[in-house]
Amino acid sequence: MRDLGANSVRTSHYPNDEIFLDLCDETGMLVWEENHARGLSEEAMRNNFP
(Lines give C-alpha, C1' and ligand atoms only; values in the text may rest on other atoms or scores of the structure.)
Protein backbone atom coordinates (compact mmCIF):
# COMPACT_ATOMS: atom_id res chain seq x y z
CA MET A 1 0.00 0.00 0.00
CA ARG A 2 2.87 2.34 0.80
CA ASP A 3 4.39 1.72 -2.65
CA LEU A 4 1.11 2.94 -4.15
CA GLY A 5 1.26 6.12 -2.07
CA ALA A 6 -1.55 5.16 0.30
CA ASN A 7 -1.54 6.38 3.89
CA SER A 8 -4.85 4.82 5.00
CA VAL A 9 -6.89 1.65 4.62
CA ARG A 10 -10.59 0.96 5.19
CA THR A 11 -11.47 -2.48 6.50
CA SER A 12 -14.67 -4.49 6.17
CA HIS A 13 -17.41 -5.30 8.70
CA TYR A 14 -15.55 -8.30 10.11
CA PRO A 15 -13.07 -8.55 12.98
CA ASN A 16 -9.60 -7.63 11.75
CA ASP A 17 -6.45 -9.57 12.56
CA GLU A 18 -4.52 -7.92 15.39
CA ILE A 19 -1.27 -8.48 13.48
CA PHE A 20 -2.60 -6.42 10.56
CA LEU A 21 -3.64 -3.61 12.90
CA ASP A 22 -0.26 -3.73 14.69
CA LEU A 23 1.60 -3.50 11.37
CA CYS A 24 -0.52 -0.51 10.38
CA ASP A 25 0.35 1.15 13.70
CA GLU A 26 4.06 0.45 13.22
CA THR A 27 4.09 1.97 9.72
CA GLY A 28 1.84 4.93 10.53
CA MET A 29 -1.00 3.69 8.33
CA LEU A 30 -4.39 5.13 9.29
CA VAL A 31 -7.03 2.38 9.66
CA TRP A 32 -10.72 3.13 9.16
CA GLU A 33 -12.18 0.15 10.99
CA GLU A 34 -15.85 -0.56 10.39
CA ASN A 35 -18.31 -1.22 13.20
CA HIS A 36 -18.95 -4.93 13.86
CA ALA A 37 -22.62 -4.51 14.68
CA ARG A 38 -24.37 -6.59 12.04
CA GLY A 39 -27.41 -8.28 13.52
CA LEU A 40 -27.32 -6.37 16.81
CA SER A 41 -30.13 -4.20 18.09
CA GLU A 42 -29.49 -0.55 18.88
CA GLU A 43 -29.80 -1.32 22.61
CA ALA A 44 -27.24 -4.12 22.38
CA MET A 45 -24.80 -1.85 20.56
CA ARG A 46 -25.20 0.87 23.18
CA ASN A 47 -24.60 -1.64 26.01
CA ASN A 48 -21.78 -3.50 24.21
CA PHE A 49 -23.39 -6.93 24.39
CA PRO A 50 -25.43 -9.06 21.92
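A polar contact is a pair of N or O atoms within 3.5 Å; within protein, one atom must be able to donate a hydrogen and the other to accept it, and residues adjacent in sequence count only if both atoms are side-chain atoms. Helices (H or I, at least four residues) and strands (E, at least two) are DSSP runs, numbered from the N terminus.

The model is predicted: local features need pLDDT of at least 70, side-chain atom pairs count only at pLDDT 80 or more, and totals for chains, interfaces and linings use all residues. Residues are numbered from 1 along each chain as its sequence is written, and side-chain values use heavy atoms, with hydrogens and water left out.

**Helix H1 and its ends**

Helix H1 covers residues 18–27. Asp17 caps its N-terminal end. A side-chain oxygen of Asp17 lies 2.8 Å from the backbone nitrogen of Ile19. Just after H1 comes Gly28, with a positive phi of about 80°.

**The loop before H1**

Thr11 and Asn16 sit in the loop between strand S1 and H1. Strand S1 spans 8–10. The side chains of Thr11 and Asn16 make a polar contact of 3.3 Å. Asn16 also reaches Glu33: their side chains are joined by a polar contact of 2.8 Å. Glu33 belongs to another loop, between strand S2 (30–32) and H2.

**Exposure**

Accessible areas come from the Shrake-Rupley method with a 1.4 Å probe; for residues, only the protein chains shown count as cover. Buried means under 20% relative accessible area, exposed over 50%, and partly exposed in between (1.4 Å probe, protein chains only).

| Residue | Relative accessible area | Class |
|---|---|---|
| Thr11 | 11% | buried |
| Asn16 | 18% | buried |
| Glu33 | 40% | partly exposed |
| Arg2 | 40% | partly exposed |
| Met45 | 39% | partly exposed |
| Glu43 | 57% | exposed |

Why does Asn16 count as buried? Its relative accessibility is 18%, and the cut-off for buried is under 20%.

**A negative patch**

Asp17, Glu18, Asp22, Asp25, Glu26 and Glu33 gather in a patch of negative charge on the surface. Asp17, the cap of H1, is thus named here again. So is Glu33, the partner of Asn16. Patches are made of residues with over 30% relative accessible area and no salt bridge (a side-chain nitrogen of Lys or Arg within 4 Å of a carboxyl oxygen of Asp or Glu). Like charges are joined within 9 Å.

**Helix H2 and distances along the chain**

Helix H2 runs over residues 42–47 and holds Met45. Glu43 lies in H2 too. The C-alpha atoms of Met45 and Asn35 are separated by 9.8 Å, and these residues are ten apart along the chain. Glu43 and Val9 are 34 residues apart in sequence and 29 Å apart in space, C-alpha to C-alpha.

Arg2 lies in the segment before S1. Its C-alpha atom is separated by 8.6 Å from that of Met29, 27 residues away along the chain.

Notes: Patches are made of residues with over 30% relative accessible area and no salt bridge: like charges are joined within 9 Å, nonpolar side chains (Val, Leu, Ile, Met, Phe, Trp, Tyr) within 5 Å. Lys and Arg count as positive and Asp and Glu as negative; His and the chain ends are not counted. The place of a charge is taken as NZ of Lys, CZ of Arg, CG of Asp or CD of Glu.
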